[in-house]
Amino acid sequence: MARTIAWATVLYLLLPITIVLPVSVTDQRYLSLPQDGISFRHFANLLGSESWLSSIHQSFWIALASTAIAVTAGTLCAIGCWRIGRRSTELVRALMLLPLIIPAIVYAIGLYRWFGTLDLLDRFLGVTLAHGVTGIPYVVITVSTALAAFDPRLEQAARGMGASLSQTLRWVILPRIAPGIASGAIFAFIHSWDELVLVLFIASRNVFTLPRKIWDGINENLDPSMAAVAVLLIVFTVVLLALDGALRARRR
C-alpha cells in the first residue's frame, strides 16, 4: 500500500510536466497538442528571440551571483553553529530558515518596502541580494547535514599539529564538507533560477528574469515558445538534480 501511494504521488506530480513536452513541439500558433505533425519552430523562435535570450542571460547571472552569496553566508553560518555547539545556535539555525518558513509574498512585501528606501527596486543588485538571502537556508541545511558526519577529532588533530584556524578551515573542514556545499549551491541556484514572486514585487523593466518573462507571456498571449522554455528549464533542472545525486552518492 505504501509503495502504491508513493508511485501514485510521483505520477500525480509528473503528469502535468509531461504535458509540456508535446505542447512545445506543436505545429499550431497557440498552446495546444500537435495536430498535423511535430514542429520545432518554437525552439527556433526561442533561440532567435532577443527578448527571451536577454531574460535567460539575466536569470543566469542573477542566479550565479545570488548562489555565491548564499554559499558564503550559509556555509559560514553552519560551520559557526557547529563549532560553538550550544543550544543557542539552534535559534540561529531557526532564524536562518525563516525565508523558507515565511510565505514568499509576505517576504516580498517586506523587501519591497525596505528596498524602496535603499533605492534597490528594479536593480540587478536588489534581486541578487533577495535571491541570495532566500537561498541561504538550502545551504545551511545541506552543510549542517555534512558537518553532522564530520569527525571533530580531525579538527583537534590539525590544531594540535600547529595549524591555524584559517588553515584548519581551508585544508581540513572545507574539503570534507565540499559535497554538502556543492549540494546547497545547486539548490540555491535552482531556487534563484525559478523564483518569481520576489521578482514581481521588486523588479519591473530593467530586471526581467526568465520566470517573469514566462509570467507576462501567459498574461499577454499563449505563444508556444513558453512551452519550449519550460522544456529547457525542466532539462536544466534535471541535470542539476542528477549532479546533486552524484555528489550525495560520492559523499556516502
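This short talk introduces a predicted model of a single chain, beginning with its overall make-up and then turning to particular residues.

Good morning, colleagues. Let me start with the fold. The chain contains 13 helices and zero strands. Reading along the sequence, one therefore meets an uninterrupted helical pattern, α-α-α-α-α-α-α-α-α-α-α-α-α. Along the principal axes, the C-alpha trace extends over about 75 × 55 × 35 Å.

Next, the surface and the interior. The chain has 252 residues, and 39% of them are buried. Its accessible surface amounts to about 14,700 Å², with 68% of that area belonging to carbon and sulfur atoms. As for charge, there are 20 positive and 14 negative side chains, and the centres of these two sets are 14 Å apart. Taking the contacts between residues at least 6 apart in sequence, 72% join residues that are at least 24 apart.

Two residues show such contacts in detail. The first slide concerns Ser 24, found in helix α1, which covers residues 2-24. Is Ser 24 buried or exposed? Its relative accessibility is 2%, and because the limit for buried is under 20%, Ser 24 counts as buried. Which residues does Ser 24 touch, leaving aside its neighbours within four places in sequence? They are Ser 39, His 42, Phe 43, Ala 227, Ala 228 and Val 231.

The second residue is Leu 46, placed in helix α2, residues 41-47. Leu 46 has a relative accessible area of 0% and is buried. Beyond the neighbours within four places in sequence, the contacts of Leu 46 are Trp 52, Leu 53, Ala 228, Val 229 and Leu 232. Please note Ala 228, which appears among the contacts of Ser 24 and also among those of Leu 46. A further relation concerns Pro 224: this residue and Leu 46 are separated by 178 residues in sequence, yet their C-alpha atoms are 9.6 Å apart in space.

I turn now to the aromatic rings. How many aromatic pairs does the structure hold? There are eight. One of them joins Phe 60 and Trp 61, with 5.4 Å from centre to centre and 80 degrees between the planes, an edge-to-face arrangement. Both partners are partly exposed: Phe 60 has a relative accessible area of 33%, and Trp 61 stands at 39%.

Another pair is formed by Trp 82 and Phe 150. Their ring centres are 5.3 Å apart and their planes lie at 80 degrees, so this pair is edge-to-face. Why does this pair tie together parts that are 68 residues apart in sequence? Trp 82 belongs to helix α3, residues 50-84, whereas Phe 150 is in the loop between α7 (124-148) and α8 (152-160), so the pair links those two parts. Here both partners are buried, with Trp 82 at 18% relative accessibility and Phe 150 at 7%.

Ring pairs also build a cluster, whose members are Phe 60, Trp 61, Phe 189, Trp 193 and Phe 236. The pair of Phe 60 and Trp 61, described a moment ago, thus sits within that cluster.

One final ring deserves mention. Trp 52, already named as a contact of Leu 46, has Lys 213 lying over its face, at 5.4 Å from the ring centre.

To close, we have a predicted model with 13 helices and zero strands, in which eight aromatic pairs are found. Thank you for your attention.

Technical notes
Residues numbered from 1 in each chain as written. Predicted model: local features only at pLDDT ≥ 70, side-chain atom pairs only at ≥ 80, totals over all residues. Heavy atoms only, no water. Helix = DSSP H or I, 4+ residues; strand = E, 2+ residues; numbered from the N terminus. Buried < 20%, exposed > 50% of the residue type's maximum accessible area, 1.4 Å probe, protein only. Contact = heavy atoms within 4.5 Å. Areas by Shrake-Rupley, 256 points an atom, 1.4 Å probe, with all protein chains shown as cover. Lys, Arg positive; Asp, Glu negative; His and termini not counted. Charge placed at Lys NZ, Arg CZ, Asp CG, Glu CD. Phe/Tyr/Trp six-rings, centres within 6.5 Å; stacked < 30°, edge-to-face > 60°. Lys NZ or Arg CZ within 6 Å of the ring centre and 35° of its normal.
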